[in-house]
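Have the model open beside you as you read. We will visit a few strands, helices and loops one by one.

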Amino acid sequence: MDPLLIFKALSNETRLQILEWLKDPEKHFPPQEGGDCRKIGVCVSHIHEKAGLSQSTVSQYLLTLQRAGLLEVYRYGQWTYYKRNEQTLKELSRFIGEEL
């Protein structure tokens, strides 16, 4: 875990919102054909639609969150799904509580 990389990723309102949305995906996204959004994540097209930004911007935001270790990515055929990396979020919580 790289706290500085994580804090940089979280310093953008939309990236922070994406993490919040993915915490409770059934509440924030429509049902998807690819499978259970809790297990495989949410299709990038649903995240793009909800964010209301260009596809390239949303893709860049997702990549930033993934590189920081905050998201896990799954690819099935032509589809890409994202979900929160709960282990990294727990480590971050511990770091904030104990180190800062």
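## Strands and helices in a predicted model

Strands S2 and S3 pair in the antiparallel sense, and six bridges link them. Keep in mind that this is a predicted model. Within this pairing, Tyr 76 stands opposite Trp 79 in S3. The hairpin of S2 and S3 has two residues between the strands, and Gly 77 there takes a positive phi near 60°.

S3 has another partner to look at. Strand S1 (residues 42–43) runs antiparallel to S3 and is joined to it by two bridges. Here Cys 43 stands opposite Tyr 81 in S3.

Now turn to two helices. The table lists their lengths and spans.

| Helix | Residues | Number of residues | Distance between end C-alpha atoms | Expected span |
|---|---|---|---|---|
| H5 | residues 55–67 | 13 residues | 18 Å | 18 Å |
| H6 | residues 86–99 | 14 residues | 19 Å | 20 Å |

For H5, the reach from first C-alpha to last is close to what is expected at 1.5 Å a residue. For H6, the distance between the end C-alpha atoms agrees with the expected span too.

Which residues of H5 are buried? They are Val 58, Tyr 61, Leu 62 and Leu 65. These residues lie on the same side of H5, because they cover an arc of only 95° around the axis. Turned away from that buried side is a face with the exposed residues Ser 56 and Arg 67.

What do the buried residues of H5 pack against? Their partners are three helices, H1 (3–9), H2 (13–23) and H4 (44–51), together with the strands S2 (71–76) and S3 (79–84). So the hairpin strands from the start of our visit turn up again here, packed against by buried residues of H5. After H5 comes Gly 69, a residue with a positive phi near 85°.

H6 can be read in the same way. Thr 88, Leu 89, Leu 92 and Phe 95 are the buried residues of H6. They sit on the same side of H6, because their arc around the axis is only 120°. On the face turned away from the buried side you will find the exposed residues Lys 90, Gly 97 and Glu 98. Among the elements that cover the buried residues of H6 are H1 and S3.

Next, look at the loop between H4 and H5, where Gly 52 is found. Is Gly 52 buried or exposed? Gly 52 counts as exposed, because its relative accessibility is 61% and the cut-off for exposed is over 50%. Try finding Thr 14 as well: Gly 52 and Thr 14 are 38 residues apart in sequence, while their C-alpha atoms are 9.9 Å apart in space.

Aromatic rings are worth a stop too. The model has two aromatic pairs. One of them is formed by Trp 21 and Phe 29, with ring centres 6.2 Å apart and an angle of 85° between the planes, an edge-to-face arrangement. Both Trp 21 and Phe 29 are buried.

Finally, step back to a longer stretch of the chain. UniProt, in an unreviewed entry, lists residues 1–100 as "domain: HTH arsR-type". Over residues 1–100 the chain is 57% helix and 14% strand. The end C-alpha atoms of this stretch are 15 Å apart.

Notes:
Residues numbered from 1 in each chain as written. Predicted model: local features only at pLDDT ≥ 70, side-chain atom pairs only at ≥ 80, totals over all residues. Heavy atoms only, no water. Helix = DSSP H or I, 4+ residues; strand = E, 2+ residues; numbered from the N terminus. Expected span 1.5 Å × (residues − 1). Buried < 20%, exposed > 50% of the residue type's maximum accessible area, 1.4 Å probe, protein only. Arc of directions from axis to C-beta. Contact = heavy atoms within 4.5 Å. UniProt positions renumbered as here; feature names shortened; annotations may be inferred. Pairing = 2+ DSSP bridges. Phe/Tyr/Trp six-rings, centres within 6.5 Å; stacked < 30°, edge-to-face > 60°.
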